[in-house]
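Open the model in your viewer and keep the selection tool at hand. We will move from stop to stop, picking a few residues each time.

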Amino acid sequence: MIRQNKISIVTPSFNQAQFIGECLDSVRLQNFPNIEHIVRDGASTDGTVSILQKYSSEAPEEELRWISEPDGGQSDALNQGFRAASGDIVGWLNSDDRYRPGCLAAVDEAFRKNPDMDILYGDYTWIDESGRVLKIRREIEFSLFILSYHRVLYIPSTATFFRRRIFDEGNFVDMRYHYAMDSEFFLRLAHQGYRFKHETKLLADFRWHSESKSELDPRKHLAEHYAIALHYSKAIQGLKNETSRRLAFGALRLGAGMLRYSEKMLRGYYLEQVLEQMPIFGRERVVKATR
């Protein structure tokens, strides 16, 4: 009999009562036999705690563990959860996002088939506040160059899973970053030699809404991205002045973007997007792809 991995899901939460029920359900309804869901809530005041109490009263204690108390923000909550996780595999699911049916079974199978893999990331969808699918997002194979410089993070944290050894070896989210902490974390792991693999399956739904961090202050997000790229790029560091560094960063970012878009075009992603807009055939494709 094949031994399934134990999977821990870590969810940072703060005032997401509107969405956290969907997040919890998306984990609970996986019907995966060996799972724990760890929620670290930053003392929400919007009804989140009542929802967590309701769900925990209906689930075994080992399946849903949560705490609500003041913390240092999303990165701090994530690190608390990563330290508490006991699974062989650890997932990062924000409280306004959700997993798709069959996600954890696919993740377990992928890790068992690829024993040398450290980080797995999959494809995902964009959804709106009501949960309606806006777009299917097919991603690229791992590229350190694109990860280093492209303005868009192609590794979606909501569809990313880690082997436990990453945290056992002392790797955690850098709390200095509030908008691009995922970019820095993935880039640091890549520079340390951890191995990434792309799974071409839809694993999760990423939600766009007016209060999402991605929407609130894109300028701060871009500023953090530049600081992170500068920290890890010896090519940029070697330039003598800030103007030269900014120009080099812009050129490298343009090149990374062209490489990403080229790969997505070769994979047929943009054709798929066009077909989705067609009134009959496209709609049938979306239904099949999102099951």
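**Stop 1: a helix and its neighbours**

The buried residues of α9 pack against α5 (144–149), α7 (181–191), α10 (234–237) and α11 (242–266). Bear in mind that this is a predicted model. Select α9 itself, residues 218–232. Its buried residues are Glu224, His225, Tyr226, Ile228, Ala229 and Tyr232. Now check the length of α9. At 1.5 Å a residue, its 15 residues should span 21 Å, and the end C-alpha atoms are 21 Å apart, so the two agree.

**Stop 2: a covered strand**

Next, select β1, residues 7–13. Is β1 mostly covered or mostly open? Mostly covered: seven of its seven residues are buried. In a regular strand, side chains alternate between the two faces of the sheet. Colour the two sides of β1 separately. Ile7, Ile9, Thr11 and Ser13 lie on one side, with Ser8, Val10 and Pro12 on the other, and all are buried.

Add β2, residues 35–41. It runs parallel to β1, and seven bridges join the two. To line them up, find threonine 11, which stands opposite valine 39 in β2. Then trace the chain from β1 through helix α1 (residues 17–28) to β2; this β-α-β crossover is right-handed.

Now add β4, residues 89–92. Four bridges join β4 to β1, again in parallel. Here the residue to find is serine 8, opposite valine 90 in β4.

**Stop 3: two cysteines**

Select cysteine 23 and cysteine 103. Why is there no bond between their sulfurs? The sulfur of cysteine 103 is the closest cysteine sulfur to that of cysteine 23, but it is 12 Å away, too far for a bond. A disulfide needs the sulfurs within 2.5 Å. By that rule the count is zero disulfides. Cysteine 23 is buried, with a relative accessible area of 0%. Cysteine 103 is buried too, at 1%.

**Stop 4: the aromatic rings**

How many aromatic pairs are there? The count comes to 18. Take phenylalanine 167 and phenylalanine 172 as one of them: the pair is tilted, 5.9 Å centre to centre, with 40° between the planes. Both residues are buried.

Finally, widen the selection to Phe82, Trp92, Phe142, Phe162, Phe167, Phe172, Phe185, Phe186 and Phe196. These residues form one aromatic cluster. Show their side chains together and turn the view around them.

Definitions and conventions
Residues are numbered from 1 along each chain as its sequence is written. This is a predicted model: local features need pLDDT of at least 70, side-chain atom pairs count only at pLDDT 80 or more; totals for chains, interfaces and linings use all residues. Side-chain values use heavy atoms; hydrogens and water are left out. Buried means under 20% relative accessible area, exposed over 50%, partly exposed in between (1.4 Å probe, protein chains only). Two strands pair if DSSP finds at least two bridges between them. A crossover is right-handed if, with the strands pointing away from the viewer, the path from the first strand over the helix to the second runs clockwise. The expected span of a helix is 1.5 Å times one less than its number of residues. Contact means heavy atoms within 4.5 Å. Rings of Phe, Tyr and Trp (its six-membered ring) pair if their centres lie within 6.5 Å; planes under 30 degrees apart count as stacked, over 60 as edge-to-face and the rest as tilted.
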